[in-house]
Amino acid sequence: MILSSVVFLPLLFALIVAVWPKTSSIRHLAFGFSIIEFLLSLRLVQLFDSNTAGLQMVEKHLWIERFGISYFLGIDGISLWLVLLTTFLTPIIILASWTSISERIKGFHVSLFVLQTAMLGTFLAFDAIFFYVFWELSLVPMYFMIGIWGGARRIYATVKFFIYTFAGSVLMLIAIIYMMYLTQEATGAMSANLLDFYKLKIPFVGGAFFSLQTLLFFAFALAFAIKVPVFPLHTWLPDAHVEAPTPGSVILAGVMLKMGTYGFMRWVIPLFPEASEYWAWLFMLIGAVGIIYGALVAMVQPDVKKLVAYSSVSHMGYILLGLFAFNSYGMSGGLYQMLNHGISTGALFIMIGMIYERTHSREIAKYGGLAGVLPLFTIFFFIVTLSSIALPLTNGFIGEFLILLGTYQAQPVFAYFAVTGVIFGAVYMLWMFKRMFFGAKGELVADEHHPLFDLNFREVAVMIPLVLMIFWMGIFPNHFLDYSKASIDNLVNNRTNYNLTIVEPGAAEIMHAQGEK
Amino acid sequence: MNHSLLMALVILSPLIGFLINGFRYKRHSANVAGVIATIAIAISFVSSAILVTDLIAMPEESRRIAVKFFEWLVIDRLKIDAGFVVDQISAVMILIITGVGTLIHMYSIGYMHHDKGAAKYFAYLNLFIFNMLLLVLGDSLLVMFVGWEGVGLCSYLLIGFWFTDSEKAAAGMKAFITNRVGDAAFLLGMFLLFVTYGTLNFSELNALAPTVAESSWLGAVTLGTLFLFIGATGKSAQIPLYVWLPDAMAGPTPVSALIHAATMVTAGVYMIVRLNPLFIMAPNTMMVIAIIGAATVVFAATIGMTQWDIKKILAYSTVSQLGYMFLACGVGAFGAAMFHLMTHAFFKALMFLGSGSVIHAMHEEQDVRKMGGLKKYLPITHITFFLGWLAIIGMPPFAGFFSKDEILAYTFNSPMGSPILWAAGVLGATLTAFYMTRLMALTFWGKSRVSKDVHPHESPALMTIPLITLGVLSVIGGWIGVPHVLGEYLGHIPNVWEHWLHPLIKGIPGWQTLDHATEFALMGTSVGLALISAGIAYHFYVKAPDAPKKIAEKIKPIYNLVYNKYFVDEVYFGAIINPLVNLSRNIWYYIDVNFIDKMTYLAGDLARGMGSVIRSSQTGNVQQYAMYIGIGVVVALSFVIMR
Amino acid sequence: MNTVTLSDILLISPMIALFLTSLIPITVKVLRGNREQHSLATLSQALIGIIISLGLLVIFGGAGKTAFNNGLIFDGVTQWLGAVALGSAAVGMIMMYENPATVGKQFSELIFLAMSSAVGMLILVAAVDLLVVFIGLEMMSLPLYLMIAMSHEGKLSKEAALKYFLLGSFASAILLYGVALIFGSTGGTNILAFMGDAAELVQTSRLFLFGITFVILGFCFKVSIAPFHAWTPDVYQGAPTPHSAFMATAVKAVSFAAFLRIIATQALVGSDHLFDILQWLAVITMIVGNTAAILQNNLKRMIAYSSVAHSGYLLIGVITAGVSQNSIFGASSVIFYLLSYAFMTLGAFAIASMMERSENHIINIDDLAGLAKKRPMLSLCMTVFLLSLAGIPPTVGFFGKFYLFNAAVGEGLLWLAIWGVVSSVIGVYYYLRPIVVMYMKEGEAEIAGHSLNATTITAVVMALAIVLMGFVSGPIFSAVEKSLF
């Protein structure tokens, strides 16, 4: 029941918040709820057995018997940290939006909780249709978040976001249906169970684009690629980020983009091993191009939020690169980078929100000399910047290093290109940092009528967990990687014959006990 | 004492110092912050000293103290420990870092007395030492890289310490990004070595190094070491990535002394020496290193001759001196490189601190044209600077002489060296003598050009004690590495240095001992030329101050070229940075905004267009609707009938 | 053979009950000396009639039960789609009760007509003889023309009624012509008679092929398949909103029922060309409906075009049922889709109906601006309807599409399914617009009446049903499928 609780508790919270009579206490209520959810998700870590690559804490009930669709939740080393990332960021988001979201507070928190359920479900569902339901559901609250609480061009941005991502995923639906028929062919009974999908041997013809596995592969890959987003399908992202309110940006960058890369890891690569291998060059290419392209375009953005948005394109390029390296380094690095990006880009958006609340501007040129005025803010921003440019001992480094190492081992030529991202990453972040924080005071900073105040207690409380995670993940990566090692090794080593076994609760202990005898 | 504990003390006490001062970032008192920071480094120094004593006490064949704290990053074949090693090479480094570091911290208390950001300054300085220790103690390339990037960060922070000045902030950024270019190559080197050997651990890599030299340019060892060397050119300011170091002088002067002269910039040399069994098996790489080193020696020295900023002169001098170290590495004289690294740390730190003392006395004036005759105001500074001067121009028996001489001898004699490289080295020495003498003359000697409202005064004891200590070291520092040829004549003084490093340094294949006559001749040539050059400079800048101007007028084009640092910065900006920024603007504008988005809109417009066609067919006219139905029926029927 | 048995009477008892109750309001009015009774009483009488009729339909209907010499059949299709029609009629009447354009002086006549139309619908949904089909069709349509024409609204509704009548007659003629041809070639009009033989017949008899094509095209008009759809936006817009709701759901449901019966004869299996034509019609309909809807500012017109598009999706299911060895799956998916479609379309029209504060009031999408602040509950319901129409999970609209496309993919109609999902992307674009306007634009949206009236309650119930049915769509679908065996 624990996974169901984790997934659906936020939905319950959403209902409670929706009917809560007192607007004034909604924030406190929501914050408390999100903490409860986080603590509950910590229990997952405790229960998780890191020695097995199998699927744990499984809950499986037939949902739509006619089509073999089931209510199927499970967790393995790939999902675990993404779930934790989601539950970790939510309280932070609520705290960070304490003052910036002042209208329709109830609706906001309801959306947030619904979104949380959708995201958690995406990471934990192991039935294709069940997954698809969560996948699509996640669009709706995010659509409202951008559209209602967003900036001036919010409607344009939110519609673009919705249509883009929706358009990407419809073909996936057809592919899922097709695969359900394939299971029927193979086993006699239709099933949307991912584990049954894994067992399919889908014919692959190398050169032919219009061959079954290739087409299915691209139908899935397109959905995930738009979500990631990879170059050249990325243009919805900068708009969505710029117009989204701070919490929207944080969730979008922090978790939602990971749904795409997670999809590659969970669905595309193990389901279509031959096609993935055959087309790996393409995805590594767009990954590498994305890294450089995102970085270059980020460099010349006049709007700091847009800069960070493009930096996401660059960072997500790394993840794609790592995943398609098909080795433990690349995959682990990719997974790690998902978490890193969630934390550091999330933190960047939160801080951009903080400064925006003070000055109501995101134009880099209007800043300057912030370091002298807001020392505490500067320190936090700088630490996060370091994480973003992957300085060793911050989380970012571990991810980037592993990804590049994996890429080098798999396809050195892409590593040669991608490694320039290490340089460009420093260029755009530090240049932005210099323009905003150093030098003479800019017009917004020097404005005597609106003196800027340094971070208050709440804002510091928002930043501290993020900064702690940055260093924890940078200094003790094994604390995290150990949990996903078995799953990733299984994926890497058994890619062409991938399978997940369901680990019965307690079975692992028995096995260990037997092993010890 | 327990080695783990000692090692932890060495590494962590600067970190703790950083944290303490870091959390006191708003405090202004340089005294408290400085004392905390200095004590932190001093603890580190003492612990290092104990460790090194233990190391010396060990039998020679097993001299190695390795401590593993925890497993840092373990994935598949990649097994990186948070492991640290004190051996013959790193022992020297930690003593230099913490020793010189302590002195410079102490000096900083005086130097930063009036600065409001004192706590921050000392925090950064401690953080730097922490990272530098990681760099030199790390037992694998990856741990080294942690420190490698970490020191780059601290360098960035300290160069841009006075961030309100946009130029200084820009200098910091330039340093970081230039270093990043090198770091990217460093990463590639690591990947290549890891993919080839399956490890990044120094001792394992060195043990796995091939036994036969690799002749191909594209071999793993050659390419790997080349990449690492590119990394080193960034950190150690060699051609073509040296450009950041002169700008780095924007930072507080003690920082220049510590980071940009004595320690961080030598990291590249250290890295090559660490991996010398690997490098020596890649003769092509060695050749590149030697040529780049020699070129840097001369190139930077020429620029140094024309600069007016006291710190800039020292900066170019540093670049040039680092060139010597690389030259040494390139010809296989790793011991000599380390030796020069050490002596350079002493005398260059000394000179930077001395220049700091001068700047302090001159109220932040750095232009040597506005100095002159400071000898009488700053006696201690002058004396110590004088010792440093003697050391750097290679006068026996000062420290610089021994190390530089050894490098030149190796360059001449090593099978990997050549007389041309040697000539470049000697030319560099000659030029060094010239510009350093020029610096001495313009600053301390001759007539005073100090403006009237500046009243120079000698610095406080906190600043002069480090000067004196380093002065002494600049004199005696070289005596541990007396060359055999001299040692024999002076009563069998052993070459302690060579003996100490011997177990870790691979011999140069095909090495033949130089005969004494040649060795003396080489020595004489370089010392003699340096003396002559120093004499000319003395004449020009003390006796006939107008002469340099006239000469400069005569060779104006060349002078301008050199004075403007060969326009390298301009070329970088014009050929790389600006085009890149323009390119980025263009791809954003043309690809993102005008192509991809337009394509999206096109799809939308297509749908709308179709919609409007349909809407225009929707006239509201019944006859027309009936016609549609009729047409539909006819078309459908005629289609159906064609079976 | 030609005797009427008790079983026949029991089977058609839903129609009888409905017809009898439809007489009550006008009878009362006559007895009261041509004075309207309270409209709530009229409504209650009608609703009671519908409930009774529904009950009878459920009780007496069942697999394979035929009446009147195989003229009517009371199988799963009849029951499900009859229920949809009755339900839509009920909801439509509730809306009529509160809409300013329909309530008032002639309410009892209106209700009588609506119920008469419903009787026609029940006949149509049960008809297996092409002549009975025609009778049902006309019984359903004629009262509708009148209903639209007698609205209190001005020119627009009269024009709509006329258009609907003229074009409807045209289509009926086509249909009837087809029936005649079929009769000429087979000597009978009963679908059951040539059930399964049609595949052969279309190949051997050109006459039969013509006939069946005409019949199919006639239905295409009724269910607004492009290019026979042109009346739809004009009529839906011009008619009073409750009528539009009634037409868009009930008429469509029963017409598709008859369509399914024709298709089940396996005519498509025999004629590739007919098969191709229908596929193209489906594709064209999806594109026309969706693209034209993008440009509409009028809410009702937009929903009208969206209903055209939905006919396109449904046609995919119909084709699937037509070519399938197991036509039950395709037919079930169509039925399920119609069921879910009824909920969301009725809901959307209910909101539109509430926006109409007076007669002749044209509601544009922009008029919804600010509704979310004023009436959060209604906005939420509208959002649910629109998302369901767009096919976003976990609403029932998604599952409807899922079953349709699943059936299509199962039959190898992959390309139709792909067209379906791709055009649903265009659909999302316009379905989002009212949501944008409601939630993200400032405005002074106004709603007629109080916050708690019948239409509101209906809308809320619909919205809840849409969400709940999403979760239990599996059992419902299985029930539909089981009832067809």
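Of the 485 residues of chain C, 69% count as buried (under 20% relative accessible area with a 1.4 Å probe and protein chains only; over 50% is exposed, and in between is partly exposed). This is a predicted model, in which local features need pLDDT of at least 70 and side-chain atom pairs count only at pLDDT 80 or more, while totals for chains, interfaces and linings use all residues. Residues are numbered from 1 along each chain as its sequence is written, chains are lettered from A in the order in which they are written, and side-chain values use heavy atoms, with hydrogens and water left out.

**Chain C as a fold**

- Chain C comes to 21 helices and two strands (DSSP runs numbered from the N terminus: H or I of at least four residues for helices, E of at least two for strands).
- Its radius of gyration is 21 Å, which agrees with the value near 23 Å for a compact globule of 485 residues; the radius is taken over C-alpha atoms, and the globule rule is 2.2 Å times the number of residues to the power 0.38.
- Along the principal axes, the C-alpha atoms of chain C fill a box of roughly 65 × 55 × 40 Å.
- Among contacts (heavy atoms within 4.5 Å) in chain C between residues at least 6 apart in sequence, 81% join residues at least 24 apart.

**Where chain B meets chain A**

- Here 55 residues of chain B touch 62 residues of chain A.
- The two chains bury about 5000 Å² between them, 76% of it on carbon and sulfur atoms; buried area is the accessible area (1.4 Å probe) that two parts lose on being put together, summed over both.
- In chain B, B:Arg180, B:Phe191 and B:Trp588 lose the most area to chain A, together 13% of what that side buries.
- There are 19 residue pairs in polar contact, both at pLDDT 80 or more; this takes N or O atoms within 3.5 Å, within protein one able to donate a hydrogen and the other to accept it, and residues adjacent in sequence count only if both atoms are side-chain atoms.
- Helix α6(B) gives the most to the side of chain B that touches chain A, with 16 residues.
- The count between these chains is one salt bridge (a side-chain nitrogen of Lys or Arg within 4 Å of a carboxyl oxygen of Asp or Glu).
- That pair is B:Asp597 and A:Lys160, at 3.0 Å from N to O, and both belong to a salt-bridge network with A:Arg153 and A:Asp239.

**Where chain C meets chain B**

- On this side, 39 residues of chain C are in contact with 24 residues of chain B.
- About 2800 Å² is buried between the two chains, 75% of it on carbon and sulfur atoms.
- The rule finds zero salt bridges across this interface, along with five residue pairs in polar contact.

**Salt bridges within chains**

- Over all chains, the count comes to 24 salt bridges.
- A:Glu459 and A:Arg358 meet at 2.7 Å, N to O; A:Glu459 lies in helix α21 and A:Arg358 in helix α14 of chain A, so the pair ties together parts 101 residues apart in sequence.
- A:Glu459 is buried at 2% relative accessible area, whereas A:Arg358 is partly exposed at 22%.
- B:Glu149 pairs with B:Arg180, with the closest N and O atoms 2.8 Å apart, and these residues count as buried at 3% for B:Glu149 and 1% for B:Arg180.
- C:Lys163 and C:Glu159 form a salt bridge at 3.1 Å; being four residues apart in helix α6 of chain C, they are separated by about one helical turn.
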